[in-house]
Amino acid sequence: MRIGVPKETKTLEGRVALVPAAAGDLVKRGHEVWLEQGAGLKSGFQDEQYAQLGVRIAPDAAALYEKGEMIVKVKEPIAGDLQHLRRDHVLFCYLHLAAEPELTRRLLEIGLTSIAFETVELPNGDLPLLAPMSIIAGKIATQVGTTLLHMPQGGKGKLLGGLPSTDRGRVVVFGAGKAGGASAALAAAGGANVTVFEMRQDRMDEMMRLGANVTALYPYHDEVAREVAAADLVIGAVLVTGAKAPRVLTRDMLRGMQDGSVVVDISIDQGGCFETSRPTSLK
Ligand SMILES: NC(=O)c1ccc[n+]([C@@H]2O[C@H](COP(=O)([O-])OP(=O)(O)OC[C@H]3O[C@@H](n4cnc5c(N)ncnc54)[C@H](O)[C@@H]3O)[C@@H](O)[C@H]2O)c1
């Protein structure tokens, strides 16, 4: 098969879908692999590293999409990418279509075959292509939330780990999967008091094992409202595979939070799990 790896075009996206070693493996298995010139640069890979392993370099996006039968990329196609997609392409990338009706309509119009990374599922329900990114997103959510709690960033000036003579910070996490579990583990290791809302018993058990400063609760309305009103940092990381994210926080609950507290909605790619969330970028 001819496999094409384009340069990512979404704001601040620095990943590349195949590292040189992975692309080289596919070449060894008899596939023809094409890389758009410079596609690996932001991840620290030069074109020459790919070329040495038998990968061919396309000078621009038009040439890359022309050569490729299967297009392997990281993020969903946006305007510039869509113009290159054809009916006979197989598109393999993160798509998050539950939150993107317009993109879904465009892909249906083109009539190609699309396989979303985040819906590739093992027999036990694990999501092997989503999981690594979720762990990253979960850790970053705690890091970014911690930073936004600093006063110069508009936060309330709360140190999550506490100090002698001050309370520890309170972190609330929704969802104890790969992302939420990573957020909770990092917050707990930093000394915060962490409450995780989850519906699966096995995942609640895992959270309880993180340490004595972690509590796992079922998301009953009154308990959610009580914990969120007292929280310094709230992180949303729920998922129903392939579906729009369930709403776990209403506008009223958000309004009831203390000034300078922080919310981070990791589920934004599935439409967001807080009522007022909307996608944006840091640039
Ligand atoms: N923004 C990013 O860069 C990024 C990266 C990776 C993943 N994500 C997103 O993070 C979210 C979580 O992904 P994941 O891999 O951790 O999923 P996961 O399947 O591992 O975990 C999700 C958890 O949410 C729980 N859950 C579902 N509904 C719930 C509810 N109403 N209340 C409490 N818990 C509930 C599930 O039981 C499950 O344990 C997804 O929306 C995913 O797309 C975002």
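Which helices each supply at least two residues of the shell around the ligand? They are α6 (131–148) and α7 (178–189), helices here being DSSP runs (H or I) of at least four residues and strands runs (E) of at least two, numbered from the N terminus.

The model is predicted: local features need pLDDT of at least 70 and side-chain atom pairs pLDDT 80 or more, while totals for chains, interfaces and linings use all residues. Residues are numbered from 1 along each chain as its sequence is written, and side-chain values use heavy atoms, without hydrogens or water.

Select α6 first; this helix gives the largest share of the shell, 3 residues. Next, display the 24 residues around the ligand, each with a heavy atom within 4 Å of it. Ser134, Ala179, Glu198, Arg203 and Asp269 come nearest.

Now show the polar contacts to the ligand, which are pairs of N or O atoms within 3.5 Å. A polar side-chain atom of Glu198 is 2.5 Å from a ligand oxygen. Ala179 places a polar backbone atom 2.7 Å from an oxygen of the ligand, and Ile266 has a polar backbone atom 3.4 Å from a ligand nitrogen.

Turn then to the open sheet of 6 strands, whose order is β3-β2-β1-β4-β5-β6 with parallel pairing; strands pair if DSSP finds at least two bridges between them. β3 (56–58) and β6 (113–116) stand at the edges with a single partner strand each, so one side of each lacks a neighbour in the sheet.

Finally, select β2 (residues 32–36), which pairs with β3 in the parallel sense over 3 bridges. Leu35 has Ile57 in β3 as its bridge partner.

Note on methods
Polar contact = N/O pair within 3.5 Å; in protein donor to acceptor, adjacent residues only side chain to side chain.
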